[in-house]
Amino acid sequence: MHSIVPVSRYAGFWMRFWAYLLDLVVIGSLNRLIVFPVFRALGLPVAESGMFAPAAIVTAIVFYLYFVLMTKYFGQTLGKMVFGLRVVDLKGEPLSWGTVLFREWIGRFISSTLVIAYLIVAFLPKKQGLHDLFAGTSVVHENS
């Protein structure tokens, strides 16, 4: 017998872009409401620049934890929830820790260093970014 795989409508570049911008607003808000006040209370500098400044390290951890935990436990971030998008495994399996960690941490790092890697979403049939290609995932519309 053959199993029937539901056809998904893949989310294009602009839908994913707006969801990502909303996620950046959420992350920035978390940093401004929680991280920076804690730093100030402890007398640690918030405005210090540099990749290895304590505030930069903590905000990077918040960034990656947000994407990893939201994607693993909900299959979507708050931005994707608002726009009705979900990350799916292309084999139809639940998202594993390995897949999520690779997609959201290593894959996103690779994609952020090569900006073109995000733009390829607009041209591929399954609307995948480079991080999706590596992880075997895509982003789909929930109501498709």
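Biologist: Where does R103 lie?
Modeller: R103 lies in helix α4, which covers residues 97–113, and please keep in mind that we are looking at a predicted model.

Biologist: And is R103 buried or exposed there?
Modeller: R103 has a relative accessible area of 1%, and because anything under 20% is called buried, R103 counts as buried.

Biologist: Which residues is R103 in contact with, if we skip its neighbours within four places in sequence?
Modeller: With those neighbours left aside, R103 is in contact with R16, V87, R108, H131, D132, A135, T137 and V139. For one of these, T137, there is a polar contact of 3.2 Å between its side chain and that of R103.

Biologist: OK, salt bridges next: how many does a search of the whole structure find?
Modeller: The search finds four salt bridges. In one of them the side chains of D132 and R103 meet, at 2.7 Å from N to O. This pair links distant parts of the chain, since D132 sits in helix α6 and R103 in helix α4, 29 residues apart.

Biologist: Which salt bridge does R103 form with a residue of its own stretch, and how far apart are the closest N and O atoms?
Modeller: R103 forms a salt bridge with E104, where the closest N and O atoms are 2.4 Å apart, and both R103 and E104 are buried.

Biologist: What about R16, which residue does its side chain meet in a salt bridge?
Modeller: The side chain of R16 meets that of D132, with 2.6 Å from N to O. Here too distant parts of the chain are linked, as R16 belongs to helix α1 (residues 13–41) and D132 to helix α6 (residues 130–135), with their positions 116 residues apart.

Biologist: Why do R16 and D132 count as buried?
Modeller: R16 counts as buried because its relative accessibility is 12%, and D132 because its relative accessible area is 0%.

Biologist: Which residues do the salt bridges that share partners join into one network?
Modeller: After D132 and R103, which meet in a salt bridge, the network also takes in R16 and E104, so that R16, R103, E104 and D132 are joined by bridges with shared partners. In general, side chains of opposite charge can pair when their charged atoms come close.

Biologist: Changing topic, which way do the side chains point along strand β1?
Modeller: In β1, residues 85–89, they alternate: L85, V87 and D89 point to one face and are buried, whereas R86 and V88 point to the other and are not.

Biologist: In what sense do β1 and strand β2 pair?
Modeller: They pair in the antiparallel sense over five bridges, with β2 covering residues 137–141, and the bridge partner of D89 in β2 is T137.

How values were computed:
Residues are numbered from 1 along each chain as its sequence is written. This is a predicted model: local features need pLDDT of at least 70, side-chain atom pairs count only at pLDDT 80 or more; totals for chains, interfaces and linings use all residues. Side-chain values use heavy atoms; hydrogens and water are left out. Helices (H or I, at least four residues) and strands (E, at least two) are DSSP runs, numbered from the N terminus. Buried means under 20% relative accessible area, exposed over 50%, partly exposed in between (1.4 Å probe, protein chains only). A polar contact is a pair of N or O atoms within 3.5 Å; within protein, one must be able to donate a hydrogen and the other to accept it, and residues adjacent in sequence count only if both atoms are side-chain atoms. Contact means heavy atoms within 4.5 Å. Two strands pair if DSSP finds at least two bridges between them.
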